[in-house]
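Trainee: I'm new to this one and would like to talk it through. Can you pull it up?

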Amino acid sequence: MKIKEVILRHMKLDLLHPFTTSFATEYDREFILVEVKSEDGISGFAESVAMLDPLYNEETVKTNWHMLEDYLIPILLKNEISHPDELSEKYYSYIRGNYMAKAAIEGAVWDLYAKKQNASLSSLLGGTKKEIDVGVSIGIKDSFDETLQTIEERLEEGYKRFKLKIKPGWDVELIDEVRKVYPDIPLMADANSAYTLQDIDKLVALDDYQLMMIEQPLAYNDIIDHADLQARLKTPICLDESIHSLDDARKAIKLGSCKIINIKIGRVGGLTQSRKIHDLCQENDIPLWCGGMLESGIGRAHNIAITSLPNFTLPGDTAASSLYWAEDIIQPEVTVENGTILVPTSPGIGYDPDMEKISKYTLSSRKYR
Ligand SMILES: O=C(O)CCC(=O)c1ccccc1C(=O)O
Ligand SMILES: [Mg+2]
């Protein structure tokens, strides 16, 4: 497979509701949309999940543009690819880090490859599920009442798991209030690295609330302290920020740093690496779910495909387009019914990019040949 042209688009979509984590409040989403075109005129699409500022991880929209323009695109245009696995395994393996940039271009090649095979991305990745279970990630609000109100709405819509963002000062009391009203809902908390082992009492206090898991309580680059903490908790720890590779996953499992892993395709460098981590976790009885990065429909479509693999046994964060955007850039939008999304069976990502909407939300673009 020879790539003839790559198009980068700097996109901006306004969020319907601001989203607050322990590290920032997002009002809109800027991201890079990658389109790769083959000689026969077929296009593949993916998006970079890097954010505008280096707060979730070190990558940004600008560092991704730089990596794509100066390294990843020239390598892709120069080489004949027989399978998308070759990107992370061969052509890009000498470049350190920059996983979100690598995943963005690799994802577009996967979509193109699947379209050329006339196969769904899900089936090519080894997906076995026809539908996937969906949870929702609820940001930090101005009041507990507002959080309870949001949970009520999402419950009525059928979502199957409720993740609350926490931070020091918005944690044990919040969970206590929520558990008083909803003693039995599948509930979890995500700290986005807001704590250290000095806060162990707070974290141990969370152990009394039958949480499905506590996500990334400690530092974004730690697997040692998490192992100490996991030994003190019966609640499973789920790692997000700390896992960037198959090797990270292997080490975290070996140390007992977590009992669950959240896979984000961008964070681990793409679909090929996601699948390898999936297989390792399956062999080690570590359940997975797919995390979200406030993606447009293009990123959502990729998340749905990887979530169809069998060891994604817990509901993920890839919720309906309508919770985020006034209008999405794919046709049809991602919809959730009874807490599930149907995995598309049409070729590639299985949702059509809406080129009119895409140009409407493009701030700037550039073509590479
Ligand atoms: O709804 C989503 O896309 C998930 C949102 C979310 O939780 C998140 C959003 C941005 C950065 C990090 C995270 C996270 O999962 O930690
Ligand atoms: Mg997280």
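Trainee: By class, what makes up the lining of the largest cavity?

Mentor: Eight nonpolar, six polar and three charged residues. Here Ala, Val, Leu, Ile, Met, Phe, Trp, Tyr, Cys and Pro count as nonpolar, Asp, Glu, Lys and Arg as charged, and the others, Gly among them, as polar. Keep in mind that this is a predicted model, where local features need pLDDT of at least 70, side-chain atom pairs count only at pLDDT 80 or more, and totals for chains, interfaces and linings use all residues. Residues are numbered from 1 along each chain as written, chains are lettered from A and ligands numbered from 1 in written order, and side-chain values use heavy atoms, without hydrogens and water.

Trainee: Why are Asp 190, Glu 215 and Asp 240 called donors of the magnesium ion (ligand 2)?

Mentor: Donors are N, O and S atoms within 2.8 Å of the metal (3.2 Å for Na, K and Ca); water is not among the atoms, so sites may look incomplete. Asp 190 (OD), Glu 215 (OE) and Asp 240 (OD) coordinate the ion at 2.1 to 2.4 Å, so they fit that cut-off. Along the chain, their spacing reads D-x24-E-x24-D.

Trainee: What does the pair Glu 215 and Asp 240 tie together?

Mentor: Glu 215 sits in strand β8 (residues 214-215) and Asp 240 in the loop between β9 (237-239) and α9 (246-255), so the pair links parts 25 residues apart in sequence. Helices (H or I, at least four residues) and strands (E, at least two) are DSSP runs, numbered from the N terminus.

Trainee: Are Glu 215 and Asp 240 buried or exposed?

Mentor: Both are buried, meaning under 20% relative accessible area, with exposed over 50% and partly exposed in between (1.4 Å probe, protein chains only).
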